[in-house]
Structures are given as structure tokens and as C-alpha cells.
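Hello,

Here is the structure I promised to pass along. Have a look at it first, and my notes on what turned up follow below.

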Amino acid sequence: ALLARLKDPSLVTDKALIAGEWLSAADGGKSFDITNPSTGDVIATLPDMGRAEAARAVDAAYKAQKDWAKKTAKDRAAILRRLYDLMLANADDLAAILTMEMGKPLAEARGEILYGASYVEWFGEEAKRVYGDTIPGHQQDKRIIVLKQPVGVVAAITPWNFPNAMLARKFAPAVAAGCAVVSKPAAETPLSALSLALLAERAGLPSGVFSVVTSTDSSSIGKEFTENAKVRKLTFTGSTGVGKILMRQGAEQIMKLGLELGGNAPFIVFDDADLDAAVEGAMVSKYRNNGQTCVCANRLYVQAGVYDVFAEKLAAKVAALKVGDGFEDGVNAGPLITQKAVEKVEEHIADALSKGASIMLGGKPADRAGLFFQPTILTGVTSDMKVAREETFGPVAPLFKFESEEEVIEMANNTEFGLASYFYAKDLSKVFRVAEALEYGMVGINTGLISNETAPFGGIKQSGQGREGSKYGLEDYLEIKYLCLSIE
Ligand code: ADP
């Protein structure tokens with residue numbers, strides 16, 4: 001069913017890419033199935049690799065990186081530019097592969113491919129501007145020169161919610177900077193990573209510079225990545241819990257870490273907000289990817305004066321969402337990724353109801369077989385409920401009522417997370433006060449969409465460290481070396 005949808009069926013492979021070789025299950029023994037979350041159908045079977053294959057990929061990356069780093073930035077950029085062009089030319093196929101393995105609506109999947117490709121384009125261009133520094137010497141005979149060099153072999157572990165873009169925005173800056181990458185995509189969604197690797201190969205990326213280790217044994221692969229001394233940096237997007245495990249493991253060799261972890265984004269609507277714009281923002285920020293993004297609005301705080309009107313306007317839009325298979329026309333809410341995800345959403349709703357919240361809309365699994373859930377709005381939500389403290393990762397908008405600016409800032413910051421935040425207001429002084437007071441790495445002001453390749457994406461507190469995108473995202477793959485030169 002998948003292959004029939006593609007113009008170029010060769011973009012789907014049943015092999016992993018280890019050290020420049022495409023290996024099938026037969027070579028390694030064990031295998032695992034990839035299923036379509038909309039139908040439960042098996043769409044592919046991939047080799048279930050272990051530590052030995054990860055180590056081989058690291059060895060090859062270690063060797064290949066030396067020559068890759070010697071190339072000029074212009075030469076590396078030319079390959080990334082070709083990859084960008086190939087991603088665009090194959091966007092429909094890449095989107096279909098993504099929808100098939102992950103479930104998001106086809107139009108959203110296409111959007112993700114363009115978004116992922118934008119990092120490939122951007123970092124290729126940006127790598128030409130890795131400037132060092134010269135510093136006036138501290139003594140008459142001294143000259144001080146600062147070089148920026150690639151960190152070396154980078155291991156990348158990525159999640160299932162953006163199977164293309166989360167990898168593209170690690171792969172692109174690393175490779176642009178002159179690093180080699182060994183990746184392990186989520187076991188739910190490895191096909192998008194493999195198709196990216198196929199295109200990178202066609203674009204001329206040298207053998208060994210990029211490997212994709214497919215595996216269900218993520219903890220063994222994570223151990224290899226953190227214990228292998230040839231790996232110099234680990235970049236991870238996923239849960240805070242796993243981020244902590246990797247940080248502990250990486251401590252042994254003081255591993256450089258990039259961590260994009262969980263969030264608990266507040267979305268604040270003040271009395272003076274443009275309510276229609278706020279509703280639009282809430283729709284994209286809350287319901288995009290069916291609520292399964294780390295920057296999704298998780299807690300919607302609405303000031304008392306506009307609470308009822310905002311809720312009515314939001315409900316009208318949410319009621320119009322069409323739930324279904326991402327390949328069906330007009331669908332804008334796909335399935336959740338697993339049964340466990342459905343249960344978490346149900347648990348959060350039940351907990352809120354037991355503590356006094358009411359269902360304004362939805363609240364139950366959708367009326368069709370599978371992992372589909374009704375887009376939901378909860379009103380009368382309070383801080384003691386699970387929806388206030390944990391990431392729901394589903395299509396549930398809990399509406400909290402607040403009175404004052406001070407009160408809402410305190411509630412918004414009362415979490416161990418610090419990734420994205422959003423607010424809607426017009427008064428300029430308030431805009432600055434609130435933007436500066438929110439303890440988050442990112443603040444969307446009168447917008448619900450903040451992520452793009454030119455801006456530094458990342459969190460503070462337990463949402464992680466490091467930034468992806470922008471010039472800062474490239475710095476994370478570079479080391480500083482200082483030369484002290486003594487002259488006659
Ligand atoms: P999610 O809730 O998005 O599944 P996870 O943090 O569990 O978040 O998964 C994100 C990525 O981390 C996936 O590729 C997963 O396979 C991987 N992963 C999970 N546990 C570990 C671990 N102990 N070590 C290394 N990687 C892991």
C-alpha cells in the first residue's frame with residue numbers, strides 16, 4: 001500500500017545504513033515491524049541492530065569524519081544544497097512515507113519535509129561563515145588566534161513525532177560543520193530517517209559520514225553512544241526521563257550534550273488580546289500533530305474577562321476538526337502514536353474530571369476503530385490536576401481562568417520545564433514585562449508557531465540544553481581551539 005503511493009518506490013528501504021553499507025535483517029538476524037498507526041497494518045520490516053552494529057557505524061564515522069572535515073565549507077555546502085533540492089523534488093513521497101509510519105495528515109507531513117529541508121539549506125549556507133577570531137596578544141611577542149573546529153563524531157537519537165525534521169536539524173548542522181553522524185531513529189518511525197539517508201547518498205555525501213542504526217533496543221544503542229570514546233557529542237530529542245539517563249551515562253567521558261526534552265507550554269490569553277488571532281494561535285499550537293509536539297500549548301490560561309468568549313470561539317474551531325487517517329481528504333487530526341498514548345490522554349482527562357473540570361467538547365476516543373481521539377476542550381481546570389503538571393501529548397486543551405498578570409506568570413513558571421511559551425496581548429509595556437518574566441527558552445508573542453531554521457530552538461530548566469537552528473545551532477557542533485604563537 002505504501003509503495004503504490006510513491007512516484008519513487010526506491011525511497012523506502014528494508015535495510016539499515018551502517019558504515020556505508022545497506023544491511024538487511026538477514027545480515028544481522030533479528031528484525032522488527034513498522035506499523036501504520038492509522039490502520040495497524042505492517043508497512044515494513046527492518047533489521048533490529050545491536051551494540052556491535054552501532055560500534056561499527058561509529059568506527060566508520062570516525063574514519064570518514066577526518067576527510068569530511070578537510071573539505072572546504074563550500075564543498076560540504078554543495079552536497080547539502082543538492083540534498084535540499086532532492087528533498088523538495090521528492091517532498092510528496094517523503095510526506096507519504098512519513099504519514100504512513102507516523103499518522104499525521106499528509107499536508108502536515110509535507111510541511112514537516114519542507115521544514116526539515118529548510119535546516120539542510122540553512123546550515124549548508126551558514127557553515128561558510130564559521131569565523132574564528134584573532135585577539136591582541138597579552139605580551140609583545142605573542143599572537144592569539146582562535147579556530148573553530150568540528151567536534152568530531154556525533155551520535156543522534158530522535159523521536160517519532162517529527163521523524164524527518166528532528167533528525168534533519170541535527171544532521172544538517174553537524175555535517176555542515178564537518179562532523180560525521182551516527183543516528184538512531186525511534187523504532188516507531190525509522191523509514192523517514194532511512195529515506196533521508198538514501199537522498200543524502202544520492203546528493204554525494206561520502207560513505208560513512210552518516211549512518212542510520214535501526215533498533216528496538218534503544219538502551220543498548222544509547223550505551224554504545226555514550227560509552228564509545230570515539231563519540232564526542234550526543235544530541236538527543238525526546239523525554240526528560242531518557243535525557244537524564246543519557247546525561248548520567250555521558251558524564252563518564254564528559255560528553256558534550258545537546259538535549260531537546262519535554263515541555264509544559266503555557267499559552268496565555270490576556271483581556272486585551274485579539275481573540276480571533278489567539279484562537280488561531282491556540283489551534284496551531286495545541287492541535288498541530290494532534291497535540292504531539294514538545295512545544296504544544298499544554299496549559300491554556302485565559303483572563304477572566306474573556307474566558308467565556310475565548311472558550312466559545314475555540315470550541316467552534318475545534319468542533320470543525322476532522323479526525324481520521326492522514327491520507328483521507330480534509331483530515332487535520334490523525335491517530336495518536338500508540339495505545340499507551342491514548343491511555344495517557346484518557347488518564348489526564350479522568351483525573352481532571354475527578355477534580356472538578358468539565359468537558360466542553362470531545363473527551364473520548366473517536367468513533368472509529370484504532371488510535372483516534374476526539375479533539376477535546378476542558379473548562380474549569382485548576383493547578384492540582386495532572387494536565388497542569390505533565391505533558392499530555394494529545395488533543396486536549398485545558399482552559400484555566402486567571403485574574404491578574406502576576407498570578408498567571410507565577411502559574412506559568414510553576415513547572416520544572418522551560419521549553420516554549422506563548423501569550424497574546426496588545427499593551428506594549430505588558431508585552432515586554434511578560435516576555436521577560438516567562439522562564440522559557442522560547443516565547444511566542446501573538447503567534448502560536450515559533451519554530452523555524454533561522455531561530456534558536458531550545459529550552460531551559462529540565463527542558464534541556466543547547467539550541468537547534470540559527471547560528472547558535474551551528475556553534476553546538478564546533479569546538480574552540482586557541483593558538484598561542486610566540487614570535488621573534
Ligand atoms: P517518547 O516519549 O517521544 O517516545 P523517549 O525519550 O522515550 O520519548 O524516546 C525518544 C528516543 O529515545 C527514541 O528514539 C527512543 O528509542 C530513544 N530512547 C528511549 N530510551 C532510551 C535509552 N534508555 N537510551 C537511549 N535512547 C533511548
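Let me start with E260, whose contacts, leaving aside residues up to four places away in sequence, are T237, C294, G458, G459, G464 and E468. This residue may catch your eye because UniProt, in an unreviewed entry, places the feature "active site" at E260. E260 belongs to strand β11, which covers residues 256-260. Is E260 buried or exposed? E260 counts as buried because 28 other C-beta atoms lie within 10 Å, and the cut-off for burial is 20 or more.

Before you go further, please keep in mind that this is a predicted model. The mean pLDDT of the protein is 97, with 99% of its residues at 70 or more. For the complex, the predictor gives an ipTM of 0.98 and a pTM of 0.97.

Now to the ligand. Which residues come nearest to the ligand? Of the 14 residues around the ligand, they are S218, G222, G238, S239 and V242. Two helices, α9 (218-227) and α10 (240-251), each supply at least two residues of this shell. Sorted by class, the shell has seven nonpolar, six polar and one charged residues.

Helix α9 deserves a second look. Its buried residues are I221, G222, E224, F225 and T226, and G222 is also among the residues that come nearest to the ligand. What covers the buried residues of α9? The cover includes α3 (51-70), β7 (153-157), β8 (180-184), β10 (231-237) and α10.

Next comes the interior. The largest nonpolar core has 149 residues, and those with the most contacts inside it are A61, L80, V120, V175 and V181. Helix α7 (residues 165-177) gives this core its largest share, 10 residues. If you would like one of these residues to click on, try A61: beyond four places in sequence, A61 touches V153, A180, V181, V182, G208, V209 and S211.

Two other buried residues are worth a click as well:

- A64 is found in helix α3. A64 counts as buried because it has 21 C-beta neighbours inside 10 Å. Apart from neighbours within four places in sequence, A64 is in contact with A180, P206, S207, G208 and V209. From A64 to G20 the C-alpha distance is 9.8 Å, with their positions 44 residues apart in sequence.
- F123 sits in helix α6 (residues 106-126). F123 is buried, with 29 other C-beta atoms within 10 Å. Setting aside residues up to four places away, F123 touches L80, A172, P173, A176 and L474. L80 is also one of the core residues with the most contacts.

Finally, a word on the backbone. Most residues other than glycine have a negative phi. Which residues here have a positive phi although they are not glycine? Two that I can point you to are A19, with a phi of about 55°, and N289, with a phi near 55°. A19 lies in the loop between β1 (16-18) and β2 (21-23), while N289 is in the loop between α11 (275-287) and β13 (297-303). A19 is partly exposed, with 19 other C-beta atoms within 10 Å, whereas N289 counts as buried, with 24 C-beta neighbours inside 10 Å.

Happy browsing, and best wishes!

How values were computed. Residues are numbered from 1 along each chain as its sequence is written. This is a predicted model: local features need pLDDT of at least 70, side-chain atom pairs count only at pLDDT 80 or more; totals for chains, interfaces and linings use all residues. A nonpolar core is a set of buried Ala, Val, Leu, Ile, Met, Phe, Trp, Tyr and Cys residues joined through C-beta atoms within 7 Å. A residue is buried if 20 or more other C-beta atoms lie within 10 Å of its own, exposed if 12 or fewer, and partly exposed in between; C-beta atoms are placed from the backbone. Helices (H or I, at least four residues) and strands (E, at least two) are DSSP runs, numbered from the N terminus. Two residues are in contact if their C-beta atoms, placed from the backbone, lie within 7 Å. A residue is near a molecule or strand if its C-beta atom, placed from the backbone, lies within 6 Å of it. Ala, Val, Leu, Ile, Met, Phe, Trp, Tyr, Cys and Pro count as nonpolar, Asp, Glu, Lys and Arg as charged, and the others, Gly among them, as polar. UniProt positions are given in the numbering used here, feature names are shortened, and annotations may be inferred rather than shown by experiment. pLDDT is the predictor's confidence in each residue, from 0 to 100.
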